[in-house]
Each structure stands twice: as C-alpha cells, then as structure tokens.
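Welcome to a short set of exercises. Please load the structure below and keep a viewer open while you work.

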Amino acid sequence: EGLGSARGTIHGTETLIYTLLRPRSTRSPYRLPTGGWFGVITCPHYTAEVMIYGALALLLNQRRGWIFFLWVLVNLTVSARQSHRWYQTHCVGFAATHRYAILPFVS
C-alpha cells in the first residue's frame, strides 16, 4: 500500500506540474504548483521517490540497498534544495507559502 501511495503521489504531482506548462496571459511566466503535498513541500515527487527507495531498502535489507537509498536521498535532497531556491528567486509570494524543500518540518 505504501509503495502504491508513493507512486500515485509521483504521478499526481507530475500531472500538476504539467498543467503549469499551459500558456496563460499574465505578466509572470512562472507559477507555483498547488494542491496535494505541494501545500507543504516544494518537491513532493522527490519525497515520494525517496519513500519508494526507502521501502525497497527495507525490503531488501542488504547493504547495497541502503547505500543506494542513501545516494537517492542525498541526490534528491540537493536537487530539491536547488529547486526551492529557484522558486524563492523567481516566484512572487513563494516565501509566504512556508514550504519545506523535500521533507516536511525539516528546513
């Protein structure tokens, strides 16, 4: 159930991001994703992916599974922090959303 939920989250967040690509007639070309986990996290699709690899590491319970999980966690955390900073720079009102980069309640 957990893996299915995480996979559904990835699909849902990517669908939301895709809808932002539609042209619109406003001054700013950048829009903040909203809905779902986007209310709390800047990159919820990364969070769900980390959850999937964490579950896989638990299931395998082997050293290489944990090493791979650690790699995914570090890699996606760095990417999420960069995305978070980009949103802070390019999207008006982003600071008011009080979002976390990848993990809820972890700055």
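The exercises below go from the whole chain to single residues.

This is a predicted model, in which local features need pLDDT of at least 70, side-chain atom pairs count only at pLDDT 80 or more, and totals for chains, interfaces and linings use all residues. Residues are numbered from 1 along each chain as its sequence is written, and side-chain values use heavy atoms, with hydrogens and water left out.

**Exercise 1. The overall picture**

Describe the secondary structure, burial and surface of the protein.

Solution.
- Step 1: Helices are DSSP runs of H or I with at least four residues, strands are runs of E with at least two, and both are numbered from the N terminus. There are three helices and zero strands, in the order α-α-α along the sequence.
- Step 2: Buried means under 20% relative accessible area, exposed over 50%, and partly exposed in between (1.4 Å probe, protein chains only). Of the 107 residues in the protein, 27% are buried.
- Step 3: Accessible areas come from the Shrake-Rupley method with a 1.4 Å probe, and for residues only the protein chains shown count as cover. The protein exposes about 7300 Å², and carbon and sulfur atoms supply 61% of this area.
- Step 4: A contact means heavy atoms within 4.5 Å. Among contacts with a separation of 6 or more, 61% join residues 24 or more positions apart.

**Exercise 2. Helix 2 and its partner**

Check the length of helix 2, list its buried residues, and describe how helix 2 packs on helix 3.

Solution.
- Step 1: The expected span of a helix is 1.5 Å times one less than its number of residues. Helix 2 has 17 residues and should therefore span 24 Å, in agreement with the 24 Å between its end C-alpha atoms.
- Step 2: Pro44, His45, Tyr46, Thr47, Ala48, Val50, Gly54 and Ala57 are the buried residues of helix 2. Ala48 has a relative accessible area of 0%, and its C-alpha atom is separated by 9.7 Å from that of Thr13, 35 residues apart along the chain.
- Step 3: Two packed helices are described by the angle between their axes and the distance between the axes. Here axes are lines fitted to C-alpha atoms, for helices over the stretch in contact, with angles from 0 to 180 degrees between N-to-C directions. The axes of helix 2 and helix 3 come within 9 Å and cross at roughly 170°, so the two helices are roughly antiparallel (the term for angles over 145 degrees).
- Step 4: Residues making this contact include Tyr53 and Leu58 of helix 2, and Trp66 and Phe69 of helix 3.

**Exercise 3. Three residues outside the helices**

Where do Asn61, Cys91 and Arg99 lie, and is each buried or exposed?

Solution.
- Step 1: Asn61 sits in the loop between helix 2 (44-60) and helix 3 (63-90). Its relative accessibility is 59%, so Asn61 counts as exposed. Asn61 has a positive phi of about 50°, although it is not a glycine.
- Step 2: Cys91 lies in the segment after helix 3 and is buried, with a relative accessible area of 7%. Cys91 and Arg31 are 60 residues apart in sequence, with 6.8 Å between their C-alpha atoms.
- Step 3: Arg99 is also placed in the segment after helix 3. It counts as buried because its relative accessibility is 10%. A polar atom of the Arg99 side chain lies 3.0 Å from the backbone oxygen of Phe38. Leaving aside neighbours within four places in sequence, the contacts of Arg99 include Leu32, Phe38, His84 and Phe94.

Conventions:
Polar contact = N/O pair within 3.5 Å; in protein donor to acceptor, adjacent residues only side chain to side chain. Parallel < 35°, antiparallel > 145°, perpendicular 65-115°, else oblique.
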